[in-house]
Amino acid sequence: MPDSNHAPLALPAGILDDSSPEELLAGVFATSITALVLLRPIRAAEGGEIIDFNFLLLSAAAQRMLKLPACPSATHLQVAPGTVANGIFDFYREVFELGQPSRRDFNYQLDGFDAYYRLAARRVGAGLLISFTDTADESRTHVEQALRASQAREQAALAEAERQRASLHDTFMQAPAMICIFSGPEHVFELVNPPYQALVGDRPLLGRSIREAMPELAGQPIFGLLDEVYRTGEPFRANEMLVQLDHDNSGGRELEKRYYNFVYQARFDGRKRPDGIMVFAYDVTLQVVARQRIEASERYAANANEELAAANEELQAANEEIRANNDDLFHAQLGVRELNMQLEMRVSQRTVELQVAQAEAERQRARLHHLFMQAPAAICILDGPDLVCELVNPSCQQLFPGRQLVGRPLFEALPELAGHAVWHSFRWVYETGKTHQENSILIPVARYDGAPLEDAYFDYIQQARFDKQGNVDGVLVFAFEVTEQARVRQQLHRANEELTLVNEQASAHIRELATTNRQLQRTNQDLDNFVYAASHDLKQPINNLVGLFDELRHVIRFADPEEELLLPMVDDSLHQLSNTVDDLALVGQVQQNVQLPTETVALRELTLEVLQTLQPQVHAARARITTDFAAAPTVQYSRANLRTILLNLLSNAIKYNDPARPCRIHLSLWKQAGAPVLLVEDNGLGFDVQRHQDELFQLFRRFHTHTEGTGVGLYLVHRIVQGNGGRIEVESEVGEGSTFRVYL
C-alpha cells in the first residue's frame, strides 16, 4: 500500500474560490506551529551535483527556531555547515533528486544549535519544502538525558585535552634540544622542532622519509639504527656519535663532522606495536673536539716521556710516575663516561607506563610528556614571573633527591641560589626572552633540605617559553651535571703544569746527557778499535803456541803416564782461546760495520748458502729445516749482516736441540705494517725468558753449557738488528722450544 504520509494532497473542489494560492501559502507560513522552510538547490554546473541550497522563505516558527529572517541572504551551508557531517545535507539532496518525500530524526549540536529535530522533506516543483519540529521543549527520556550529559562531558574533555596538547606542542617546538618524531617503517618526518630543522636549513623534512630527506646519511649507521629500534621497540642511546650532514645544502662532497648525544625511543600504537620513533638529541661537537685535543696533548706528552726514558735511565722513575698519572687520568675519564652511561640507563629504567587515553589528542600529549620524562638530561619548566616549578623530570629531581621542587617557586625551593649568577640569568631570560647557556659553571647546592652546600658543576641552557601572543610566560631549563668531568679537567691542568716543570728539568738533563753521550761514543769507538786490534794481534801468538805444542807433543816423552793427560787439556784451552779471539775479532768487525749499505737479498738463496755452511751440524743433529718466504721472497738489507743473523740463529737452534725428539726448525718471513719480520721457530731445549730477559743479549752469556760456545752469537745478532733500527722479540719455554721474531 502506498504510504499515506507520502501521498499527494488532494485539495477539495472550490477551496481556492474564496482565496488565492498566495494568500493560502502566506497564511500557512504565518500560523504553522511546525517550522516550514522552502529551499532551492544550487548546482555546481547546469545539471550538475547539488552543492548547496538557497533559502526562499521561512515560516514564523522557523524564523524563531533558526534565528533567521523570512528570506535570509546566506545559503543553507553558510548557516549550518555541520549538516554535511551529520547527514542532514545528504538527506535533503536525496529527497530532491529522487522526488520521494521522507522523514528523519536528527540530533544536531553544531553551529550554535543544540536539540533533537524531526524532519519531513518533500520536493515541490523546483524547490524543496522542509517541515521540522524542535524537541527541546519536550520531556526527554533518561537515556537522552544521559547521552546529552555524556556528550557534554566528552566535548569538555576534548577541549581540555586539545588545550593541553597545544600547550605541550608549543613547549616541544620551543625546546632548545633537537627533537623530531618519525612515523611508520619508512621513518617519515611527522614532527620537527626548529633546532632539528636548523640542521639542514630550509630543506623540507615534514612528510618525507629520512632516506629521501637526508640521502647523505647513506653509509652511516643512522638508517640501520632507526630500522632496529622500529623492529624491536627497544630504545637506543648514543653518546658522542659522529654524524655527517650537508648542513648548508650545498651538495658538496665534504660533509662537516659533528658529534651528538641522542635517544631513539619507539612510539607504540593501541596494540603495543611500534608505529613511529621519537628522537631527542644534543650537539656535543665542542665537547668532543675539546676532549680530542686534550687526548692529543696526552699522547704528545706520553711520546715525550718515552723519548726521555730511552735517552736517560736516571729519568726513568720520573717518566714512569708521569705515565702512571696519565693512565690514572685516562681511567678517571673512562669512569666518568661509564657513570654517565649508568645514569642514562637508570633514567630509561624509570620510564612510567602510559595509560591509554580515550582521545587522540590525549595520546599525543602523553607521548610528548613521556619523552620529556625519560630524557637523559635534567629538564625543568618554570612558569610565570615567580618561576614556579611546573614540570621536573626524574633526572632533574635526582639532582636534589631530598627536596620538594614541583609546585614551588624556584627561589623558595632552592634559596641558596639567591645572589648567584644563575638566579640573575633566570631573571634576565624571563625579562628579555633571550636564550642563555653556561658550561661547567660552579653552583653550590644542597642535595637535601638542611644539608650543607656542596660544590657542583653544571652545563645548562635557559630558554624562554612564549605564549600564543608571543609573550614570555616561563623558562625551560635543560641541564647536565658535569662535576666529575670538571674535577678531572682540574686534575689534568695540575698534572700538565707538573709535566711542564718536569720537562724543563728533563731538558736540562738531556743537554748534560748529550755531552756525556758524545764522550761515551768516543770512548766506545776507542774500545771497539782496541778490541779489533787486540784480537787481530793475538791471533799470531796463539797460532805460534799451537805449533809449539804440536812440536812438543812429538819431542817430549813423559815418564809419568798421567802427565800425558795434560796435552788434551792444553789443546782444549788453546782451542777455546782461539775461538774467543775469533769471536772478539768478529765482534769488532760487526761493530764497525753495523750499518752497511742495503741491497735486494733473495732469502731462499741466502738461506741455502747458510745451510751449506752448517751442513755438518745439520747432518749431526738430523735436523729438518723448512722455510716459507711466500709473503716476501726478497728483502732490502745488508747481505753480510743478514747472513750473520741467519747463521747465528740457525746455528743456535741446531746446537741447543732436544735430544729426546727430532730437531725441527721453521724459518719464515712476513710483513707487519709493511715492515719485514724474520721468524725462526724451533722445538729445542728452550729457556726461562722471564728469568734471563735482562741478560739475554749480553756478551759471553750462555744458558746451556753442555755444548761448545762463547755466548757471542745472540750479542752479534742483537747489535746488528738494533744498529739498523730494528728489534728482537723472544718467546721460549723450558722443554718446549724457542721463537725469535726479528723486526728488520
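No disulfides are found in this predicted model, where a disulfide is counted as a pair of cysteine sulfur atoms within 2.5 Å. Local features need pLDDT of at least 70 and side-chain atom pairs count only at pLDDT 80 or more, while totals for chains, interfaces and linings use all residues. Residues are numbered from 1 along each chain as its sequence is written, and side-chain values use heavy atoms, with hydrogens and water left out.

**Cysteines**
- Cys380 takes part in no disulfide, and its nearest cysteine sulfur, in Cys389, lies 4.2 Å away, which is too far for a bond.
- Cys380 is buried (under 20% relative accessible area, with exposed being over 50% and partly exposed in between, using a 1.4 Å probe and protein chains only), at a relative accessible area of 9%, and Cys389 is also buried, at 3%.

**Nonpolar cores**
- The largest nonpolar core (buried Ala, Val, Leu, Ile, Met, Phe, Trp, Tyr and Cys residues joined through side-chain atoms within 4.5 Å) holds 38 residues, and those with the most contacts inside it are Leu642, Ile645, Leu649, Ile728, Val730 and Leu744.
- Among the elements that give two or more residues to this core are helix H18 (603–613), helix H20 (639–655) and strand E21 (727–733), where helices (H or I, at least four residues) and strands (E, at least two) are DSSP runs numbered from the N terminus.
- H20 gives the most to this core, with seven residues.
- Leu744 is in contact (heavy atoms within 4.5 Å) with Val635, Tyr637, Leu642, Ile645, Leu669 and Pro676, when residues up to four places away in sequence are not counted.
- Apart from this core lies another, of 30 residues, which include Tyr196, Met241, Tyr260 and Val279.
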